[in-house]
Amino acid sequence: MTTAVADAHDSHDEHGPAKGIGRWLFSTNHKDIGTMYLVFSLTMFFIGGAMALVIRSELAVPGLQFVHPEFFNSMTTMHALIMVFGAVMPAFVGLANWMIPLMIGAPDMALPRMNNWSFWILPVAFGILLSTLLMPGGAPASGWTMYPPLVLQTGDAFPFLIFSVHLMGISSIMGAINVIVTIINMRAPEMTLLRMPMFVWTWLITAYLLIAVMPVLAGAVTMLLTDQFFGTSFFLAAGGGDPVMFQHIFWFFGHPEVYIMILPAFGVVSEIIPTFARKKLFGHDSMVYAAASIAFLSFIVWAHHMFTVGMPLTGQMFFMFATMLIAVPTGVKVFNWVATMWRGAMTFETPMLFSLAFVFLFTIGGFSGLMLAIAPADIQYHDTYFVVAHFHYVLVPGSVSPSWPAPIIGCRSGPVTCTTRNSASCISGRRQYSST
């Protein structure tokens with residue numbers, strides 16, 4: 001009898017994650033879901049990178065070399081949509097899933113079933129988007145901005161483009177709600193907001209940005225849909241609409257979107273540099289206020305993408321100066337990163353090398369952005385490869401590059417940063433996870 005009881009007690013087959021594919025399909029574990037986001041992001045990165053190779057091969061020498069012009073335009077459009085919505089954003093959502101509960105001492109994300117759902121929407125969305133490559137008329141070829149009336153000339157792929165963008169937005173909003181509820185409600189005792197690590201802070205701000213602007217994109221593409229299929233004329237000049245209005249709506253989403261991609265990277269670098277400099281982050285609170293200022297200013301600079309549409313001089317002046325103003329909180333961040341490294345006991349492991357490259361290259365990319373902020377100069381730069389170069393100079397070393405070393409340093413940097421801010425709350429978080 002005693003032996004039978006002992007055998008039953010020693011059997012732990014029912015413990016642990018589910019076996020096989022069910023573990024991933026039905027997981028509510030934040031680490032599993034974070035891993036799926038990261039793997040999905042890497043997959044999309046390779047697909048989007050293959051499209052970039054097509055683009056660069058075509059442009060290697062003058063003249064048509066490899067693909068037809070229509071397919072080339074499809075490649076630029078699909079490359080951008082996949083890299084922005086499929087590679088960069090899911091990478092940082094994956095890091096948020098992995099790291100935020102660990103950094104704030106929470107057992108999991110606040111809404112684990114919605115967490116699972118928000119991930120599994122993404123493969124469906126990008127499956128639909130990629131399927132347009134096989135449709136009559138080809139994939140969307142209007143650029144990732146989807147400007148009318150050009151986008152309305154898309155073939156059978158048009159409604160699938162709109163539906164996939166809606167699904168991406170739904171996934172982003174669900175993930176953002178989860179992050180906000182987790183951070184606000186599930187922090188360890190005594191971890192006040194200003195004691196949170198910078199990665200948690202940047203993601204909290206990013207989540208609010210997502211909730212604010214993703215519905216704007218959804219409204220814009222829905223109006224495109226009704227213009228195409230239901231006889232409306234929101235953006236059709238022949239029916240009394242205004243194509244420039246779409247640009248205003250899109251960029252009201254589009255400029256905060258670029259900060260949605262860069263703010264989590266700021267958080268990653270703000271964790272890695274103190275770890276390898278063996279110092280506390282210089283000016284933690286000013287970094288928080290700078291990130292919040294950047295997020296606020298991102299809502300009032302959208303028309304710097306539109307200096308050539310014929311806006312009044314007053315509008316050009318406002319958007320020019322507002323854009324330049326963003327350089328101030330960004331400069332605070334760069335100064336604080338450099339000050340953190342100053343006289344630190346630095347070692348140069350791979351994550352630190354990536355972060356150093358980030359600081360230098362992102363700063364140069366930011367300076368090119370200041371050049372584009374100058375309205376009379378931007379009129380000359382507009383629709384040139386200088387704009388493309390600025391965008392990639394900021395996004396590749398700015399967003400993509402920090403997402404690579406982040407998983408390496410994640411578990412190491414979280415407790416280090418947190419312990420320097422508030423040892424009691426971090427110790428409670430580590431105790432909670434000592435058994436997992």
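This report describes selected features of a predicted protein model, from confidence and core packing to individual residues.

**Confidence.** The protein chain has an average pLDDT of 89, and 90% of the residues score at least 70. Residues 413–436 form a stretch in which pLDDT stays under 50. For this stretch the model has 42 contacts beyond four places in sequence.

**Nonpolar core.** The largest nonpolar core comprises 120 residues. Within this core, the members that touch the most other members are Phe85, Phe126, Met146, Trp203 and Trp337. Helix H4, spanning residues 69–104, gives the most to this core, contributing 20 residues. The surroundings of Trp337 can be listed individually: with residues up to four places away in sequence not counted, Trp337 touches Phe266, Val269, Ser270, Ile273, Leu281, Met287, Phe358 and Val359.

Phe250 belongs to helix H8, which covers residues 243–277. With a relative accessibility of 1%, Phe250 counts as buried. Once neighbours within four places in sequence are set aside, Phe250 is in contact with Trp144, Thr145, Met146 and Leu217. One of these partners, Met146, is also among the core residues that touch the most other members. The C-alpha atoms of Phe250 and Gly219 are 9.3 Å apart in space, while the two residues are 31 residues apart in sequence.

**Polar and charged interactions.** The structure holds one salt bridge. Its partners are Arg23 and Asp32, whose closest N and O atoms are 2.9 Å apart. What is the relative accessible area of each partner? Arg23 is partly exposed, at 28%, whereas Asp32 is buried, at 9%. Asp32 is classed as buried because its relative accessible area of 9% falls under the 20% limit.

His304 is located in the loop between helix H9 (284–297) and helix H10 (313–325). Is His304 buried or exposed? His304 counts as buried, with 12% relative accessibility. Its side chain makes a polar contact with the side chain of Thr323, at 2.8 Å. Thr323 also appears among the residues that His304 touches, together with His255, Phe319 and Asp378, when residues up to four places away in sequence are not counted.

**Backbone features.** A cis peptide bond, with omega about 0°, joins Pro148 and Pro149. Pro149 lies in the loop between helix H5 (112–131) and helix H6 (158–185).

Two residues that are not glycines have a positive phi: Glu190 and Arg343. Each is in a loop, Glu190 between H6 and helix H7 (198–229), and Arg343 between helix H11 (327–341) and helix H12 (350–373). Their values are tabulated below.

| Residue | Phi | Relative accessible area |
|---|---|---|
| Glu190 | about 75° | 52% (exposed) |
| Arg343 | about 60° | 77% (exposed) |

Both are classed as exposed because the values of 52% for Glu190 and 77% for Arg343 are over the 50% limit.

**Residue environments in brief.** The residues described above include buried and exposed sites. Phe250 is buried within helix H8, and His304 is a buried residue in a loop. Glu190 is an exposed loop residue, as is Arg343. In the salt bridge, a partly exposed Arg23 is paired with a buried Asp32.

Definitions and conventions
Residues are numbered from 1 along each chain as its sequence is written. This is a predicted model: local features need pLDDT of at least 70, side-chain atom pairs count only at pLDDT 80 or more; totals for chains, interfaces and linings use all residues. Side-chain values use heavy atoms; hydrogens and water are left out. A salt bridge is a side-chain nitrogen of Lys or Arg within 4 Å of a carboxyl oxygen of Asp or Glu. Buried means under 20% relative accessible area, exposed over 50%, partly exposed in between (1.4 Å probe, protein chains only). A nonpolar core is a set of buried Ala, Val, Leu, Ile, Met, Phe, Trp, Tyr and Cys residues joined through side-chain atoms within 4.5 Å. Helices (H or I, at least four residues) and strands (E, at least two) are DSSP runs, numbered from the N terminus. Contact means heavy atoms within 4.5 Å. A polar contact is a pair of N or O atoms within 3.5 Å; within protein, one must be able to donate a hydrogen and the other to accept it, and residues adjacent in sequence count only if both atoms are side-chain atoms. pLDDT is the predictor's confidence in each residue, from 0 to 100.
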